[in-house]
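The following exercises concern the structure shown below. Each consists of a task and a solution worked in steps.

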Amino acid sequence: MNAVYIPFSANHVEESIEFADSLGIKGFSVTIPHKEAVLPSLKQISAEAGEIGACNTVVKKGGDWYGYNTDAIGISRALLEFLGVKNFKKMKIAIIGAGGAARAAAHAVKDLHGKACIFNRTLSRAKETAETYNFKWTALDPSSRYLLEEYSDLIIQTTNIGMGSTPEELSKDPLFFHDFMGTEAVYDVIYHPGKTKLLRRAEKAGCKISNGYSMLLYQAYKQFELFTGSTYEQS
Ligand code: NAP
């Protein structure tokens, strides 16, 4: 395939679009913190990107830019594989965070018939995300300890906390107030580091754990399809 996929840093989404137009780029991935800001620059967005309110894949068609969200399909496939189940029926799931990744997770949980509670620092964002999917919502602090124990069949961690490389970043744990029982399955969407403090604590307590690498991989397979029109085949 005569193609390259290379990283560009950007200060503003508008300058990326201009740059892509001038170079004849056919499509690009959008990562934090630009997934929401890119929306107004697009001619049309998919139903999923609209509902989630974030776009991570932009493709040029007939001179216009079209937006998609592949995080939802990525996390859905990653979580089903992680748990070895076909859907989330009868499961009570905690979604930690209410940003773009959390909304992709909420979309997947709803689609797979699970019940969820959204835990977030900024309550208004927790409420907004939860109301879209008819889920519960609460604060991400010790006052929500009992609700977290109730929604603990699966804990999906989607905040930035624990991501990074400095000792200070690595020492952070968004669920510092939760004592793991060992029965929770814990999926942290962060993949750098490979094991956040949260995952290390959960593993030590006997929980089934996974980092977000599988989500990254599966959302990228879908991006490959959107960029090339071909299915990605593992060699
Ligand atoms: P986002 O839209 O900016 O949302 C960030 C979330 O983290 C919000 O809920 C925010 O809470 C919370 N947060 C940030 N700093 C916090 C702090 N100090 N204390 C408490 N809460 C804090 O970002 P995003 O796009 O959802 O990405 C979030 C993470 O997911 C990143 O680490 C990203 O790399 C990862 N991710 C992974 C994949 C994958 O394929 N594995 C895909 C997408 C994203 P507030 O609302 O209170 O600000």
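**Exercise 1: Salt bridges**

A search of the whole structure finds ten salt bridges, a salt bridge being a side-chain nitrogen of Lys or Arg within 4 Å of a carboxyl oxygen of Asp or Glu. The model is a predicted one, in which local features need pLDDT of at least 70 and side-chain atom pairs count only at pLDDT 80 or more, while totals for chains, interfaces and linings use all residues. Residues are numbered from 1 along each chain as its sequence is written, and side-chain values use heavy atoms, with hydrogens and water left out.

Task: Locate the partners of Asp71 and Glu36 and describe the surroundings of each pair.

Solution.

Step 1. Asp71 and Lys35 form a salt bridge through their side chains, at 2.8 Å from N to O. Asp71 belongs to helix 3 and Lys35 to the loop between strand 1 (27-29) and strand 2 (44-45), so the pair ties together parts 36 residues apart in sequence. Helices (H or I, at least four residues) and strands (E, at least two) are DSSP runs, numbered from the N terminus. Asp71 is buried at a relative accessible area of 7%; buried means under 20%, exposed over 50%, and partly exposed in between, with a 1.4 Å probe and protein chains only.

Step 2. The side chains of Glu36 and Arg103 meet at 3.1 Å, N to O, in a salt bridge. Glu36 lies in the loop between strand 1 and strand 2, and Arg103 in helix 4 (residues 100-111), so this pair ties together parts that are 67 residues apart in sequence. Glu36 is partly exposed at 37% relative accessibility, whereas Arg103 is buried at 13%.

Step 3. A network of salt bridges links Glu36, Arg103 and Arg125.

**Exercise 2: The sheet**

Task: Give the strand order of the open sheet and state which helices pack on it.

Solution.

Step 1. The open sheet has six strands in the order 7-6-5-8-9-10, with parallel pairing; two strands pair if DSSP finds at least two bridges between them. Strand 7 (136-139) and strand 10 (208-210) are the edge strands, each pairing on one side only. From one strand to the next, the twist averages 15°.

Step 2. Strand 5 (residues 92-96) and strand 8 (residues 154-157) run parallel and are joined by four bridges. Ala94 stands opposite Ile155 in strand 8.

Step 3. Helix 5 (residues 123-133) lies across strand 6 (115-120) and strand 7, at about 170° to strand 7. Helix 8 (residues 197-204) packs on the sheet, touching strand 8, strand 9 (185-188) and strand 10, and its direction makes about 165° with that of strand 9. Axes are lines fitted to C-alpha atoms, for helices over the stretch in contact, and angles run from 0 to 180 degrees between N-to-C directions; contact means heavy atoms within 4.5 Å.

**Exercise 3: Two residues and their contacts**

Task: Is Ile75 buried or exposed, and which residues does Ser152 contact?

Solution.

Step 1. Ile75 is found in helix 3 (residues 71-83) and is buried, at 0% relative accessibility. Neighbours within four places in sequence aside, Ile75 contacts Ala104, Ala105, Ala108, Ile156, Val189 and Met215.

Step 2. Ser152 occupies the loop between helix 6 (145-150) and strand 8, and is buried at 8% relative accessibility. With neighbours within four places in sequence left aside, Ser152 is in contact with Lys92, Met181, Glu184 and Ala185.
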